[in-house]
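Here's a quick walk through one model, with a few spots worth a look. Keep the viewer open as you read.

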Amino acid sequence: MIFLNSLTKQAAAVIENGAKSVMSDRRFIEREIEKFLTSPVRRDMLTGEKYYMGEQDILMRKRTVIGEGGELTEVENLPNNRLVDNQFSRLVDQKTGYFLGRPFTVRCENNKFEKELNLIFDSEFLKTLRLILEDCYLGGIGWMYIFYDEEGMLSFRRFKPYEILPFGRTRNTESLIWP
């Protein structure tokens, strides 16, 4: 009986120590955000957006020559021409225009339902959808938040891909939503 009581106390101590060492939900979320903010995935998203806006690496280039001792030195007496031909922006706009250049139409047998859907999927929705598609090209993913506004209307909001960090499990609880 004494042996069993001692074993129970040891097991309780192990369980208690394990419970104390578990990370809180708040700390878990903080660590995930810290990892995302410094991740190569987010860095690539920001780089894609910078390239689209014309802030490309060529603008940081310095004209150099091999100087004394075989080291590269910057030349200041020669022109340092840097030309940005933003083909990336043109191609993103072209692909976006190809997919969403024309407004889509909603047709159904119920005319009242069709009118309601056309009120929801208006030009403002199409503009939001275009921006999300651009985000997909620039950052690899796009986010749309669907909600009801103060008047009870279905609304859509776009979030930049580098501002959102989703995590969790899908319904089958085997795969993560975000790596």
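## Where we start

Where does Met23 lie? Met23 sits in the loop between helix H1 (2-21) and helix H2 (25-37). Helices here are DSSP runs of H or I with at least four residues, strands are runs of E with at least two, and both are numbered from the N terminus.

Some ground rules: this is a predicted model, where local features need pLDDT of at least 70, side-chain atom pairs count only at pLDDT 80 or more, and totals for chains, interfaces and linings use all residues. Residues are numbered from 1 along each chain as its sequence is written, and side-chain values use heavy atoms, with hydrogens and water left out.

## A nonpolar patch

Met23 belongs to a nonpolar surface patch together with Phe28, Ile29, Ile33, Leu37 and Phe167. Together these residues have about 500 Å² of accessible area, worked out by the Shrake-Rupley method with a 1.4 Å probe, where only the protein chains shown count as cover for residues. To join a patch, a residue needs over 30% relative accessible area and no salt bridge; nonpolar side chains (Val, Leu, Ile, Met, Phe, Trp, Tyr) are joined within 5 Å, and like charges within 9 Å.

Met23 itself is partly exposed, with a relative accessible area of 34%. On this scale, buried is under 20% relative accessible area, exposed is over 50%, and partly exposed is in between (1.4 Å probe, protein chains only).

## Salt bridges along H2

How many salt bridges does the count come to? It's 7, taking a salt bridge as a side-chain nitrogen of Lys or Arg within 4 Å of a carboxyl oxygen of Asp or Glu. Side chains of opposite charge can pair when their charged atoms come close.

Arg27 and Glu30 make one such pair, with their closest N and O atoms 3.4 Å apart. They are 3 residues apart in helix H2, so about one helical turn separates them. Arg27 is partly exposed at 36% relative accessible area, and Glu30 is also in the partly exposed class, at 31%. Glu32 and Lys35 make another pair, at 3.3 Å between the closest N and O atoms. These two also lie in H2, 3 residues or about one turn of the helix apart. Lys35 counts as exposed, at 52% relative accessibility.

## A long-range link and a network

Lys160 and Glu49 meet in a salt bridge too, at 2.7 Å from N to O. This pair ties together distant parts of the chain: Lys160 is in the segment after E4, Glu49 is in helix H3 (residues 40-52), and they are 111 residues apart. Glu49 counts as buried, at 16% relative accessibility. Elsewhere, Arg26, Arg27, Glu30 and Glu34 are joined into one network by salt bridges that share partners.

## The E3-E4 hairpin

Strand E3 (residues 143-148) and strand E4 (residues 154-159) run antiparallel, joined by 6 bridges; strands pair if DSSP finds at least two bridges between them. Tyr148 stands opposite Leu154 in E4. The hairpin has 5 residues between its strands, and Gly152 takes a positive phi near 85° there.

Ile146 has its place in E3. Beyond its neighbours within four places in sequence, Ile146 is in contact (heavy atoms within 4.5 Å) with Leu154, Ser155 and Phe156. The C-alpha atoms of Ile146 and Arg158 are 9.0 Å apart, with their positions 12 residues apart along the chain.

## Cysteines

The search of the whole structure turns up 0 disulfides, a disulfide being a pair of cysteine sulfur atoms within 2.5 Å. Cys108 is partly exposed, at 28% relative accessible area, and Cys136 is partly exposed at 32%.
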